[in-house]
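Subject: Structure handed over, with notes on its sheets

Dear colleague,

Please find the structure below, followed by an account of what was found in it. I would be glad if you read the two side by side.

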Amino acid sequence: MPITPDIILVLAVLFLVVLFFVFEWVRVDMVGIMVMVCLPLLGLVTPQQAISGLSSNAVVSIIAVIIIGAGLDKTGVMNKLAQLILKFAGKDEKKITSMVAATVAGISGFMQNIGAAALFMPAARRISTQTGVPASHILLPMAFCAIIGGTLTLVGSSPLILLNDLLTVRGVSYDHFGMFSMTPIGIMLVISALFYFSLFGKWILPYSKASKVSGPLSPLLDKTYHDVGEIYEMKIPANGFNEQCLSELQIRSNYACSVLASYNAVTHKRNVAPRPEDTLCPGDTIAVIGEAIFIEKLAADFGWSYSRELKVFADDLAPTNSGIMEGIVSPRSQMVGMTVGDVQLRKKFGVVPLAVYVGHEMIISDLSNLVISEGNALLLHGKWSAFHLFKDQNDLIFTEPIKGELLREDKAPFALGCLAVTMFMILVLDIQLSISLLFGAMAMILGRVLTIDEAYRSVDWMTVFLLAGLIPLGLAFENTGAAKMIADMLMNAVGVPSPTVLLICIGLLTSFFTLFTSNVGATVLLVPLSMNLALSCGADPRVAAMTVALAASNTFILPTHQVNALVMRPAGLKAVDYLRAGAGMTILFLVVLVAGMRVFF
């Protein structure tokens, strides 16, 4: 096939896109918009094709599934999922990465991989914040395994769904593949990916400080209140302690420490921001904030044990659920003229006063009798939900944005019901993916799990425009004949290869095409081509066809796959990070794929 001016143009556009990705001259979503505008101006696609990405099944599905994921996060479902993973993985980075990646891989074997990744992303980000493991170290392996998970079953990815419809060549229709025909190879690919990140993760994953866990204070507050100390977990022994209320213990007055939470092992009652009249019993566990020297004295005087690591209160006092805020007393505050004890911050608002800044002096002990004046700064600890309610009282002006949000936990059953109905529509009723997911997103909003504004805010529009721009680039590749020309050139160069060499060539060619065109387009183009070549070589055409469908998931080097694009912004990744981690994964994928095809087929 001759090289035409259109082919040269589309290859030039492709080259420029890669340069923009690598050198980051502009943001990636701007690259997508530039592609949408330039391709029709160059005559490589029609104007309708240029903007077709904005209404494509993939892009609409991504928008809808992000909204569904946001709804599950808003109801606390994803928080509970994160807790479950942390219960088994602890804070070990390798265990966390492996558990998250393996779970998402398993889910994506039975639903579109973009859906599995988007649904799990809120939980992964919560785990990152809670443990201090960089988000990129969780989300990038998760994305790769979500893509690979699509190779586990016949419904795991679009190329495999299409595969049986393409098994006709030279007028002969070949036997269809079963639901789990490719499962052994898919399992091999998932396991190899998990080992890859476990062994080489510290070298191939990007460095990141985004999720670094420091002390309980933000960097801004730490400059002023660093003497407040750290949070410790203290265990009261079952013997040698008589039941007493907090006010009788005088922990703040004598030790400049504040009790943040308590837990009774008998009744299993948790009490965040316990009140002065609340009692402590033998065997209770409490969370206390203070300087190490005072914590040691408190433990020695009462015979309590203490630990810097939070176990009982790991979830209650996790950075995702609670923290420390500074509030300035406003001129209109009803607190002015009252003592800290009279305000009853613990009882009324569910927050614990830690310190008051008056003039140039920070006061920690004996706060109860301190009279509050306009302009005083109160340092408070509590759940983010308590602070969100507190800010509506207009008594304090908080100096930092309040993290977290008010969860609608009562809506959790409805949100899970929406997800179940959506999955039923996709897997059983075989309704188009985008329509099913849009139904789930719509139900979330109509059911008041999310407001429409919250739904809009949850969508990462950078991802949407990046993918919307790459879809017409794939169409241009096919319209101009560039895709067919490259395929023909490679096949002519190979000649009549052995079965192993044939599979390697098919895998390489498919992997190349799926980086820049849709995996569906690459599959439709290459399955007939590879089957014909297999017949010419005396090899099994069904094996060649399956190799194409599986290799269509080998797309890790660039953020062009929708799953890779999805995690790019939340994980703080750059195009070069995909190249570093994806190069080895691409080679490993091909080696395992070819070996698996030779062993099982």
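Five strands (strands, E, being DSSP runs of at least two residues, numbered from the N terminus) make up an open sheet in the order E6-E5-E8-E3-E9, with antiparallel pairing, where two strands pair if DSSP finds at least two bridges between them. Its edge strands are E6 (269-272) and E9 (305-307), each of which pairs on one side only, and the twist from one strand to the next averages 20 degrees, taken between axes that are lines fitted to C-alpha atoms, for helices over the stretch in contact, with angles running from 0 to 180 degrees between N-to-C directions.

This is a predicted model, in which local features need pLDDT of at least 70 and side-chain atom pairs count only at pLDDT 80 or more, while totals for chains, interfaces and linings use all residues. Residues are numbered from 1 along each chain as its sequence is written, and side-chain values use heavy atoms, with hydrogens and water left out.

Within that sheet, strand E5 (residues 258-264) and strand E8 (residues 285-290) pair in the antiparallel sense over five bridges, and Ala-261 stands opposite Ala-287 in E8. Helix H14 (residues 292-302; helices are DSSP runs of H or I, at least four residues) lies across E3 (230-235), E8 and E9, at about 10 degrees to E3, contact meaning heavy atoms within 4.5 Å.

Another open sheet of five strands has the order E12-E11-E13-E10-E14, again with antiparallel pairing. Strands E12 (361-363) and E14 (396-398) stand at its edges with a single partner strand each, so one side of each has no neighbour in the sheet.

Best regards
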